[in-house]
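Me: Could you take a close look at one part of this model, starting from a single buried position and its surroundings? Please then place what you find within the rest of the chain, and be plain about how far the model can be trusted.

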Amino acid sequence: MTLQAIDTFAATRESSSSPLAAMPIAVTLVESVSAEALRKRAAQVLREVVGLDCAECLYVEGSGRWLGRDGDEVQFDCSDFSHPYAHVIRSGKALTLSVGDARTRLDHAGFQAQVVHLGAKKRLQVRPLRAKDGEQEWLGALLMVGEGSTFSALDDDPGMAAFEELLCQLWARLSREQGERHRSRALRDSLVKLNDGARRQALADQLSEDLLGQSTAMQTLRRQVVRAAETNLAVLLQGETGTGKDRVARALHQLSGRAKGPFMAINCAAIPEALLESELFGHAKGAFSGADHAQQGLISQADGGTLFLDEIGDMPLALQAKLLRVLESGRYRPLGASEERCADLRLVAATHQPLREHIRAQHFRADLYYRLGQFPLSLPPLAERRDDIAQLAQSFISDFCAREQRDDMGITPSALRLLQRREYPGNVRELKNLIDYACAMTPQGADIDAYVLPGEQESDAQASPNSQVNGTAYSLPNDIDDLRQTLRDVESAIIRQRLMHFGGNRAQAAASLGLPKRTLAHKCQLLELDTK
Ligand SMILES: Nc1ncnc2c1ncn2[C@@H]1O[C@H](COP(=O)(O)OP(=O)(O)OP(=O)(O)O)[C@@H](O)[C@H]1O
């Protein structure tokens, strides 16, 4: 299928009554190999098939501040209201006016050049184009110029809505794919251009897209990751569970000169001891019963790239000695093989365990510990960077909406305050799970409210003795030292569960608890469960 499909469709559109008549256009759009090609094709469809005088897709460039035109230097500042795109991007709503009006009311030179040759009586419509996948808010804007009757027909045409939806979906996907590819290339190119300090800062800033958090601890961590990525040193990541060790390991690989090589990962705690050696080192044919063919191990597969050993604290002592040899000499011997092999890899290991204590207990080799930790990195627990919670929460909400194809949702200030106050033994992973749950419990069109967030006692309910009040399960802490606060917590948990049960309907929740609605509203306010 080629661009001819557009012409064919244009010719047959009038006469065709097939419900599948729009398929060739969809195929043409889907075949676009880049976001730029997609924009061109979409505009061509609108001109040739719909019969518009002018159609053009403008794109929001990376910083989100400018709208650009393909093949043109002209850029439109998104906060400059002398052109229609700023109005549309800021309001999120389409704008329709006559070309004549646009000429007199909007005096941006670049925009004037776009419409100067068009008849003053024609209508002009600009529509915002927005990715619904949460990764990239604004894609750009669609400029269309044509007869008033064409727009009246388009406004009622479900085909136009479907066309726009398809365009946005494809665009978001293509720009994400391109962005991912371009990002590492651009980063490496920038190494050449910038001096060391600026280059490192630029890389650390780029990393903030993957390793979220503006706290000092996260900024320091990102700068350390950049430094570590410049070297071939073995990196030991230490941090509580869920602090992002896996993410950091992948970022290290992506930033390093080995980014084009493989990234192989294994969780040493998840593989039975007996299998771990052959998984890592590989084996020769007949090395053990059942080994009816030779198999490469991860060390060999990571050649030229990075090997990530998660939960290194769980590696058996015998294997630790073999791993040390790989690190010292770059040589290893697959199980049952007669010859040694070489591997050129960077090792990144991670643990949440106190390895020094393991060394004292003789469960971990001290020499391996020091060799692994040539470049030690500590990941801060979430409790030490509560300032990051708001950004993380917003990002997880967007991820949820994109994944579940839900409309954008926000979070109320009281819900955010609750999140910022609570404890997170499971760190960022726990916060992410909590947000996923809260998103799922929040009705379409609403923001996450405090009442949908399970309290800490509810999360830990299995761990401590449960009680039953008024049909609502909650857990009694064992170490009550402030009865009033405990009673407030229990009251808050009960009200939140009731509100959740009744989908946020305060009147029903109040009736079910035998309270006047006003009293419940007052309690909600005191307990910061208020939504308004
Ligand atoms: N700084 C961060 N920015 C965005 N997401 C993060 C960040 N840190 C962690 N996460 C997310 O939290 C979850 C847990 O992260 P990850 O698996 O990297 O933690 P971990 O320290 O390796 O955990 P474990 O020790 O249990 O294996 C993942 O969903 C990850 O994407």
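Reply: In this predicted model, Ala493 counts as buried because 21 other C-beta atoms lie within 10 Å of its own, where 20 or more are required. The residue belongs to helix H21, which covers residues 483-501. Its surroundings also involve a part of the chain that is distant in sequence: Pro454 is 39 residues away from Ala493 along the chain, yet the C-alpha atoms of the two are separated by 7.7 Å.

That separation should be set beside the confidence of the prediction. The chain has a mean pLDDT of 84, and 87% of its residues reach 70 or more. Residues 1-6, however, have a pLDDT below 50, and this stretch makes 16 contacts in the model beyond near neighbours in sequence. For residues 459-474 the pLDDT is likewise below 50, with 26 contacts beyond near neighbours in sequence. Where pLDDT is low, the predicted coordinates should not be read in detail. At the level of the model, the scores are ipTM 0.98 and pTM 0.58.

A second helix, H19, can be examined more fully. The 15 residues of H19, 427-441, should span 21 Å at 1.5 Å a residue, and this agrees with the 21 Å that separates its end C-alpha atoms. The buried residues of this helix are Asn427, Val428, Leu431, Leu434, Ile435, Ala438 and Cys439. They fall on the same side of H19, because the arc they cover around the axis is only 135°. The spacing fits a general feature of such helices: an α-helix has 3.6 residues a turn, so residues three or four places apart point the same way. What these buried residues of H19 pack against is helix H17, residues 389-404.

Asn427, which lies in H19, deserves a separate remark, since its phi is positive, at about 55°, although the residue is not a glycine. With 21 C-beta neighbours inside 10 Å, Asn427 counts as buried. A positive phi, of about 50°, also appears at Glu311, again not a glycine, but the setting is a loop, the one between strand E9 (306-310) and helix H14 (317-329). Glu311 has 19 C-beta neighbours inside 10 Å and therefore counts as partly exposed.

Turning to the sheet, six strands are arranged in the order E3-E2-E1-E6-E5-E4, forming an open sheet with antiparallel pairing. Strand E3 (75-77) and strand E4 (95-98) are its edges, each pairing on one side only. On average, and with direction ignored, neighbouring strands of this sheet are turned by 25° against each other. As a general matter, strands of a sheet pair through backbone hydrogen bonds, either parallel or antiparallel.

Within this order, E1 is mostly covered, five of its seven residues being buried. Six bridges pair E1 with E6 in the antiparallel sense, and Glu56 stands opposite Leu143 in E6. Towards E2, E1 is joined by two bridges, again antiparallel, with Leu67 in E2 as the bridge partner of Val60. From E2, which comprises residues 66-68, three bridges lead on to E3, and these two strands also run antiparallel; the partner of Trp66 is Asp77 in E3.

Helices accompany this sheet as well. Helix H3, residues 35-50, lies across strand E1 (54-60) and strand E6 (138-146), and it runs at about 155° to E1. Helix H7, residues 148-155, packs on the sheet too, where it touches E4, strand E5 (123-130) and E6, and its direction makes about 30° with that of E5.

These parts can finally be placed within the whole chain, which contains 23 helices and 15 strands. Of its 532 residues, 32% count as buried, and Ala493 is one of the residues classed in this way. Among contacts between residues at least 6 apart in sequence, 64% join residues at least 24 apart. The 39 residues that separate Ala493 from Pro454 along the chain may be read alongside that figure.

Note on methods. Residues are numbered from 1 along each chain as its sequence is written. This is a predicted model: local features need pLDDT of at least 70, side-chain atom pairs count only at pLDDT 80 or more; totals for chains, interfaces and linings use all residues. Two strands pair if DSSP finds at least two bridges between them. Helices (H or I, at least four residues) and strands (E, at least two) are DSSP runs, numbered from the N terminus. Axes are lines fitted to C-alpha atoms, for helices over the stretch in contact, and angles run from 0 to 180 degrees between N-to-C directions. Two residues are in contact if their C-beta atoms, placed from the backbone, lie within 7 Å. The expected span of a helix is 1.5 Å times one less than its number of residues. A residue is buried if 20 or more other C-beta atoms lie within 10 Å of its own, exposed if 12 or fewer, and partly exposed in between; C-beta atoms are placed from the backbone. The arc is that of the directions from the helix axis to the C-beta atoms. pLDDT is the predictor's confidence in each residue, from 0 to 100.
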